[in-house]
Amino acid sequence: MSEQKKVIATEAALQLIEKLKAKYGPLMFHQSGGCCDGSSPMCYPQGDLIIGDSDVLLGEIGGCPFYIAAAQYEYWKHTQLIIDVVPGRGGMFSLEGPEGVRFLTRSKVFE
């Protein structure tokens, strides 16, 4: 039995990632669990956010590294994060904002 990935993306999210990579180059994601956009992963040009000792590399989506704050990881370590796209405004610093959509984190508990 193979180990399940800790983070995956829907087809819609993968399509948006490809569109953003064409505009901005290599990307990275960070799920902070902060006060403002805690349920929305933030998308940045790769290297624009300094990754610290308290960040965990969860995996990759669309060939982009996906990090999560260690405190948030403690809450979600028994779940698979599923990155999706929905209409609306995301975090003000996340690259998808001008597209009229936002990334959204859904989850399911590992069996």
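User: Before we look at K6, what do buried, exposed and partly exposed mean here?
Analyst: Buried is under 20% relative accessible area, exposed is over 50%, and partly exposed is in between, with a 1.4 Å probe and protein chains only. This is a predicted model, where local features need pLDDT of at least 70, side-chain atom pairs count only at pLDDT 80 or more, and totals for chains, interfaces and linings use all residues. Residues are numbered from 1 along each chain as its sequence is written, and side-chain values use heavy atoms, with hydrogens and water left out.

User: Thanks! So is K6 buried or partly exposed?
Analyst: K6 is partly exposed, because its relative accessible area is 25%.

User: Which residues does K6 touch beyond its sequence neighbours?
Analyst: Leaving aside neighbours within four places in sequence, K6 is in contact (heavy atoms within 4.5 Å) with L58, Y73, K77, T79, Q80, L81 and F110. K6 and L81 are 75 residues apart in sequence, yet their C-alpha atoms are 6.1 Å apart.

User: Switching to helix α1, which of its residues are buried?
Analyst: Those are A13, L16, I17 and L20. They sit on the same side of α1, because they cover an arc of only 105° around the axis; the arc is that of the directions from the helix axis to the C-beta atoms. Helices are DSSP runs of H or I with at least four residues, and strands are runs of E with at least two, numbered from the N terminus.

User: And what is on the face turned away from the buried side?
Analyst: That face of α1 carries the exposed residues E11, Q15 and A22.

User: What comes just after α1?
Analyst: G25, which takes a positive phi of about 85°.
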